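Q: How does one read the architecture of a protein model, from its sheet to its cores and single residues? Please take me through an example.

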Amino acid sequence: MSKALEGVRILDMTHVQSGPTCTQLLAWFGADVIKVERPGVGDATRGQLRDIPDVDSLYFTMLNHNKRSVTLNTKSDKGKEIFSKLIESCDVMVENFAPGALDRMGFTWERIQELNPRMIYASVKGFGAGPFEDCKVYENVAQCTGGSASTTGFDDGPPLVTGAQIGDSGTGLNLALGIVTALFHRERSGRGQRVSCAMQDGVLNLCRVKLRDQQRLAHGPLKEYPQYPNGEFNDATPRANNASGGGQPGWVVKCRGWETDPNAYIYVITQAAIWPKLAQAIGREDWIDDPEWATPEARLPKLEAVFAEIEKWTMTKTKFEVMDILNPLNVPCGPILSMKEIAEEPSLRDTGTVVEVDHPTRGKYLTVGNPIKLSDSPSDVLRSPLLGEHTDDILKGVLGMSDAEVAAAKEEGAV
């Protein structure tokens, strides 16, 4: 079986997380991703948050699988010449520099089109056109400006950012889709195009239900939020504690062992269709026919009491015992899984969701695998490259440079 993007060559000018997330996904699908790095330094994350001295950090290795590394000094004349040849030889260039960085190097979109009219030039930006378009953005800034932080947390506390990297990795996933779409379009048009994804836009895209609720506020209180019926709503979508965003009441409740285990909790959703089964399971059969509890409308103002009763029951069982009981009843629920539990879960290894990789200097480590599964196109996870590991291979095999030309480029400090 061939890989889905076999034959596509990516010029990877990205660093840190948002861009490398995108190019790693393309590499998993078989694209030849050539990561361009500064000689002697490389991607800044090679040295960030190191847990082993003088070894590439997990921050770097977990975002740069299946790639080849070439070191290139793009500020030198010879380096610019080699970079131009790489543009001519690749299908896609991806970058997440600060606004205008490539333009200042002399590689504007117009110049790139001259070198390679079929080139797809993809960029991660912090913001789209507007007052903030020249501002630098990091993960938490994107979460704050995209609407996530203002709607996350408890209603009596401050805004919170989420541990999920929805700004960086989320935008990288969007950019990968944009690139594949542009490649498909190129098959018909014969020409490349620009692809741009703003991190603020990506976060807002993931917060669409909160924008939905902002508009619903004009027509009355949001009855599925914990502020109803006794709290107050102002003119903006509030924080919803742990309430479900889909209109079905849900909450995090304690399980046995919660006093010592910070993750001994489970999320339970009380859908109307399964209410009788749930009431019976927790020992409240009297609620099934009681008009004070039998309908969603009757329960809505009393959700705190509903989940307090559910919690009395769940506190007598482990989160996995609760799952074993409620799942056959079709009650939507999910245990709060720690990263330790996820790392040790055999089924996630079997599906390739969690993968063990062997690295020449780090040794074995765990990483995430490709979240997208294709039936006819395998997706292997290979180790990240050492700094400049493939420089000679790329200069000779991709650009056709001779041994003497490579030696001269090294002598000049271009690579």
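A: This is a predicted model. A helix on a sheet can be read by the strands that the helix crosses. Here helix α7 (residues 168–189) lies across β4, β5 (120–125) and β6, and α7 runs at about 160 degrees to β5.

Q: How are the strands of a sheet held together, and in what order do the strands of this open sheet stand?

A: In general, the strands of a sheet pair through backbone hydrogen bonds, in a parallel or an antiparallel sense. In this model, six strands form an open sheet with parallel pairing, and the order is β3-β2-β1-β4-β5-β6. At the edges stand β3 (67–71) and β6 (194–198), each of which pairs on one side only. On average, neighbouring strands of the sheet are turned by 20 degrees against each other, direction ignored.

Q: Over how many bridges do β1 and β2 pair, and which residue is the bridge partner of Ile10?

A: Strand β1 (residues 9–13) and strand β2 (residues 32–37) are paired in the parallel sense over four bridges. Ile10 has Val33 in β2 as its bridge partner. Helix α3 (residues 77–89) also packs on the sheet, where α3 touches β1, β2 and β4 (92–95). The direction of α3 makes about 140 degrees with that of β1.

Q: Where should one look for the nonpolar interior, and which residues have the most contacts inside the largest core?

A: Nonpolar side chains tend to be buried together in soluble globular proteins. The largest nonpolar core of this model has 34 residues, and Ile10, Leu26, Val94, Leu175 and Ile179 have the most contacts inside it. At least two residues of this core come from each of α1 (18–28), β4, β5, α7, β6, α8 (199–206) and β10 (354–359). Leu26 touches, beyond residues up to four places away in sequence, Leu5, Ile10, Ala31, Ala176, Ile179 and Val180. A second, separate core has 28 residues, among them Leu115, Tyr121, Val406 and Val415.

Q: Is Lys125 buried or exposed, and what does Lys125 touch?

A: Accessible area answers the first part, and contacts answer the second. Lys125 lies in strand β5. Lys125 counts as buried because its relative accessible area is 18%, under the 20% cut-off. Leaving aside residues up to four places away in sequence, Lys125 touches Glu95, Phe97, Ala98, Pro99, Ser196, Cys197, Ala198 and Met199. With Glu95, the side chain of Lys125 forms a polar contact of 3.3 Å. The C-alpha atoms of Lys125 and Lys136 are separated by 8.3 Å, with the two residues 11 apart along the chain.

How values were computed
Residues are numbered from 1 along each chain as its sequence is written. This is a predicted model: local features need pLDDT of at least 70, side-chain atom pairs count only at pLDDT 80 or more; totals for chains, interfaces and linings use all residues. Side-chain values use heavy atoms; hydrogens and water are left out. Two strands pair if DSSP finds at least two bridges between them. Axes are lines fitted to C-alpha atoms, for helices over the stretch in contact, and angles run from 0 to 180 degrees between N-to-C directions. Contact means heavy atoms within 4.5 Å. A nonpolar core is a set of buried Ala, Val, Leu, Ile, Met, Phe, Trp, Tyr and Cys residues joined through side-chain atoms within 4.5 Å. Buried means under 20% relative accessible area, exposed over 50%, partly exposed in between (1.4 Å probe, protein chains only). A polar contact is a pair of N or O atoms within 3.5 Å; within protein, one must be able to donate a hydrogen and the other to accept it, and residues adjacent in sequence count only if both atoms are side-chain atoms.
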